[in-house]
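Here are my notes on this two-chain model, as numbered points. Have the structure open while you read.

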Amino acid sequence: MSVIELLQRSELFSGLAPEQIERIAALGQEVIYNAGDVVIREDDPSDEVYVVRSGMVEVLVSRGRIPDVPGPPQLTSIVHLGQGQLFGEMALVDRGARSATVRCTEDGTVLPVIPRQTFWDLCDADHHIGYVVMRNIASDLSFKLRHRNLQARLAGGAP
Amino acid sequence: MIYKVSYVVVGKPHLGVIVNLDAPPRVGDRVQLGDEVFEVIEVIDLIPPRGDFAYLHATCQPVQETT
């Protein structure tokens, strides 16, 4: 599957014309990770959005920070994301620091990376792209929240 | 149609998975989530479909070994 085909199958770009998706695909590059590789870290500055082309990643948040105990905070996994899923999208919306750590769980995980500012420049130049992507980001965040709510309700997962 | 599926596991601790599929999961399917295989016991429409996407929730449980 080409990057363009992947982006066409990604909800983030649903509703865009093929030529618009080609313009977005041209902005980014692919990076390959192995199991255990950290893609983004909680609290780091956020500059890119990622799409899972193949493989799997897990999203982790830190809990139980203990100021007097040395070492990194304990990380708790909250969800796995597979093909077609995006992460880092909050950076496109609020430009805040990373809210979670994302780590690969499979060797050879391929992640197209789209720089935030370059993407914003495209959205400023083509407001239809910007509108569609913002609508889709809202939908994706809503879906993830619904997943978390179901997980908490059915499986007694993290609230 | 692309099926965006939220898998949640009951019966043991598991994070759940969100993934896009070409075909919808069905009750009785075996699905690999991470290193483990689970059985789908319920599939519901999570929200109405939009564009090329359908949004499903699938509840899974550990596979019951039979002897």
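1. A definition before anything else: two strands pair if DSSP finds at least two bridges between them. Helices (H or I, at least four residues) and strands (E, at least two) are DSSP runs, numbered from the N terminus. With that in hand, look at strand 3 of chain A, which runs antiparallel to strand 8 of chain A, with three bridges joining them. One of the residues to click on is A:Tyr50, whose bridge partner in strand 8 of chain A is A:Val113.

2. Some housekeeping. This is a predicted model, where local features need pLDDT of at least 70 and side-chain atom pairs count only at pLDDT 80 or more, while totals for chains, interfaces and linings use all residues. Residues are numbered from 1 along each chain as its sequence is written, and chains are lettered from A and ligands numbered from 1 in the order in which they are written.

3. Strand 8 of chain A has another partner worth a look. Strand 1 (residues 29-33) of chain A pairs with strand 8 (residues 109-115) of chain A in the antiparallel sense, over five bridges. Here A:Tyr33 has A:Thr109 as its bridge partner in strand 8 of chain A.

4. Now chain A as a whole. I get five helices and eight strands, and from the N terminus on the elements run α-α-β-β-β-β-β-β-α-β-β-α-α. The C-alpha atoms of chain A fill a box of roughly 50 × 30 × 30 Å along the principal axes. The radius of gyration (taken over C-alpha atoms; the globule rule is 2.2 Å times the number of residues to the power 0.38) is 16 Å for chain A, which agrees with the value near 15 Å for a compact globule of 159 residues.

5. Burial and contacts in chain A come next. A residue is buried if 20 or more other C-beta atoms lie within 10 Å of its own, exposed if 12 or fewer, and partly exposed in between, with C-beta atoms placed from the backbone. By that rule, 35% of the 159 residues of chain A count as buried. Two residues are in contact if their C-beta atoms, placed from the backbone, lie within 7 Å. Among the contacts in chain A with a separation of 6 or more, 77% are between residues 24 or more positions apart.

6. Chain B is built from zero helices and five strands, so to speak a plain β-β-β-β-β pattern along the sequence. The C-alpha box of chain B is roughly 45 × 20 × 15 Å along the principal axes. The radius of gyration of chain B is 12 Å, in agreement with the value near 11 Å for a compact globule of 67 residues. Of those 67 residues, 30% count as buried. Residues 24 or more positions apart make up 39% of the contacts in chain B with a separation of 6 or more.

7. Which chain B strands touch chain A? The contact takes 21 residues from chain B and 23 residues from chain A. Strand 1 (2-9), strand 2 (17-21) and strand 5 (53-62) of chain B each supply at least two residues of the side of chain B that touches chain A. Strand 1 of chain B has the largest share of that side, five residues. That side of chain B divides into 11 nonpolar, eight polar and two charged residues (Ala, Val, Leu, Ile, Met, Phe, Trp, Tyr, Cys and Pro count as nonpolar, Asp, Glu, Lys and Arg as charged, and the others, Gly among them, as polar).8. The two chains also pair strand to strand: strand 5 (residues 74-81) of chain A and strand 2 of chain B run in the parallel sense over two bridges. There, A:His80 stands opposite B:Val17 in strand 2 of chain B.

9. On to the core. A nonpolar core is a set of buried Ala, Val, Leu, Ile, Met, Phe, Trp, Tyr and Cys residues joined through C-beta atoms within 7 Å. The largest one has 42 residues, of which A:Phe13, A:Val51, A:Val59, A:Leu81 and A:Phe87 touch the most other members. Strand 1 of chain B gives the most to this core, with four residues. Leaving aside neighbours within four places in sequence, A:Val51 is in contact with residues including A:Leu6, A:Leu7, A:Leu86 and A:Leu111.

10. Please check the backbone at A:Asp43. Phi there is near 80°, a positive value in a residue other than glycine. Most residues other than glycine have a negative phi. A:Asp43 lies in the loop between strand 2 (38-40) and strand 3 (48-51) of chain A, and is partly exposed because 13 other C-beta atoms lie within 10 Å.

11. Last, B:Ile44, found in strand 4 (residues 36-50) of chain B. B:Ile44 counts as exposed, with 11 C-beta neighbours inside 10 Å. Apart from neighbours within four places in sequence, B:Ile44 is in contact with B:Leu56 and B:His57.
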